[in-house]
Amino acid sequence: MSRMVPRAVLVYLVIISVLAVSPGTWCREHGHMRRGWRNAAAVHGNHHQRHRHSEHRVPRWTANSIEFQETKIQVLASSSSPSSVPATFNVLDFGAKGDGKTDDTKAFDAAWYAACKLTGPTVLVPSGYTFLVKPISFSGPNCGPNIVFQLEGKIIAPTGSQAWGSGILQWIEFTKLSKITIKGNGVIEGQGSVWWSNSMADTTTGLNKMPSTKPTALRIYGSTDVTVTGITIQNSPQTHLKFDACTNVQVSGVTVSSPGDSPNTDGIHLQNSKTVLIHDSSLACGDDCVSIQMGCSDVLIHNVNCGPGHGISIGGLGRDYTKACVSNITVRDSTMANTLTGVRIKTWQGGSGAVQNVMFSNIRVSEVATPIMIDQFYCDKGRCENDTAAVAVSGVTYENIRGTYTYQPVHFACSDSLPCVGVSLTTIQLQQAQPSSHSNDPFCWETYGELKTTTVPPIGCIQKGKPSESPSQLITC
Ligand SMILES: *[C@@H]1O[C@H](CO)[C@@H](O)[C@H](O)[C@H]1NC(C)=O
Ligand SMILES: *[C@@H]1O[C@H](CO)[C@@H](O)[C@H](O)[C@H]1NC(C)=O
């Protein structure tokens, strides 16, 4: 072609020629380029099926016809092989309105039902929408493995009492699943203020009085290989995120947010769960940031910010004369700010079982009332019966706990009949937040173990070694 031909005409001819050549023919002739777009597709192709075309948008016109042809082939090729892309089930396609007012529960049920039979599907809750969803269970016994629940939008709980019947233990539940992933940048909003106080209720007519049983916002039950990542859970009526009877749990990048004075709003609650990793998460709530309950072992928590809240707690264990076994718990590299306690073990009198092998390491505290606590006389109701039986506590290591407290730096209250043993402290540095006010000294009762370094303040009340009498109660776990 001569250089008299205008550039626009040249580009036009290039388009015509590309469209006329089938991708197969073209690829055979240009095998090196085929490899090129294959690689690009492998990098970009496996997610966001709905956005596939926009990801491969044709670039602005240039005189470089090779670049243009390559892009065109990508578009044709990616739309011709959909079977390799895992299916996505967008709740909008199942009738959800996402206007924050319409009840979208049925649409969520339908999307789950359609997705669940497959292996590796994605249920998508898209961004830019607010979905009102009533109590719902994503139940798994007949589902395939590897379901991804991708939360990008917002799910809100109903605030009318009629949606909750006479009281229900959880709002959103995932049960009996294998390899379940809940991820995204979306929000689960529990609208808990209507539960925390009954100020919303018309006390004369009882209108909109919420049931006394408050729901957990998100509960995962009886599942293995559970991942929860990225999401925000806020203003739960009660606990925000609960794992019960789960194995191999990973939580990361999760935000929990509710007011410091909201009652019983634990951040993450673990029960009967094994091999749990919680990291890089930010937990602000009105009760324990993480609560580790009976039947948990092999739990690692690191790089968690807690506050406001009640700190990270093992227990309360042994309530109502129950047996509780908790072992192999590590909490490290975490911060607590403006919390009631920092790292705590709490057990009720009368229980049995044991807490064994616990490590609290590299914890920064700031204006925490009581940073270090073991309480074997735990009682969160008005009055508790005295009992000699106790959940045994042994092998608890505290190392490198630093920062400021507002009430008492260390409080160990162990059972008379079953003292705490193997309590070890290294590099403890706790200063009063306001040095002028009255300070409580470290307190120990029936606490045996060792100080491996000098501490600030000095903790003189730990008894060296082991109790002379053998335990009055057989410890079994
Ligand atoms: C706790 O850790 C110890 C030592 O690594 C191990 O022998 C034991 O089986 C663990 N216990 C549980 C319940 O995981
Ligand atoms: C339990 O024992 C403590 C300490 O001896 C005592 O002050 C308290 O009144 C007792 N509580 C009950 C319910 O008997």
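**Exercise 1.** In this predicted model, identify the residues around ligand 1 and state what share of its accessible area the protein covers.

*Solution.* Begin with the surroundings: ligand 1 has Ser297, Ser327 and Asn328 around it. A residue qualifies here if one of its heavy atoms lies within 4 Å of the ligand. Next, consider the cover. On its own, ligand 1 has 360 Å² of accessible area, of which the protein covers 29%.

**Exercise 2.** Identify the residues that surround ligand 2, find the distance from Asn386 to an oxygen atom of the ligand, and state the covered share of its area.

*Solution.* The surrounding residues are Arg383, Cys384 and Asn386. Of Asn386, a polar side-chain atom is placed 2.2 Å from an oxygen atom of ligand 2. As for cover, the protein takes up 34% of the 370 Å² of accessible area that ligand 2 has on its own.

**Exercise 3.** Describe the largest pocket by its volume, its lining and the elements and domains that contribute to that lining.

*Solution.* First, the volume: the largest pocket holds about 680 Å³ of space. Its lining comprises 28 residues, and those closest to the pocket centre are His269, Gln293, Gly316, Arg319 and Asp380.

Second, the elements: two or more lining residues come from each of strands E17 (268-271), E21 (312-317), E23 (341-347) and E25 (370-375). Strand E21 contributes the most, with 3 residues.

Third, the classes: the lining contains 12 polar, 9 charged and 7 nonpolar residues.

Finally, the domains: domain 2 (86-284) and domain 3 (288-477) each supply at least three residues to the lining.

Methods
Residues are numbered from 1 along each chain as its sequence is written. Chains are lettered from A and ligands numbered from 1 in the order in which they are written. This is a predicted model: local features need pLDDT of at least 70, side-chain atom pairs count only at pLDDT 80 or more; totals for chains, interfaces and linings use all residues. Side-chain values use heavy atoms; hydrogens and water are left out. Accessible areas come from the Shrake-Rupley method with a 1.4 Å probe; for residues, only the protein chains shown count as cover. On a 1 Å grid over the protein atoms alone, a cavity is a set of points where a 1.4 Å probe fits but cannot get out, and a pocket is an open set with protein on both sides within 12 Å along at least five of seven lines; lining residues have an atom within 4 Å of a point. Grid points are joined across faces, edges and corners, and a volume is the space filled by probe spheres set on the points. Helices (H or I, at least four residues) and strands (E, at least two) are DSSP runs, numbered from the N terminus. Ala, Val, Leu, Ile, Met, Phe, Trp, Tyr, Cys and Pro count as nonpolar, Asp, Glu, Lys and Arg as charged, and the others, Gly among them, as polar. Domain bounds come from an automatic or database domain assignment. A polar contact is a pair of N or O atoms within 3.5 Å; within protein, one must be able to donate a hydrogen and the other to accept it, and residues adjacent in sequence count only if both atoms are side-chain atoms.
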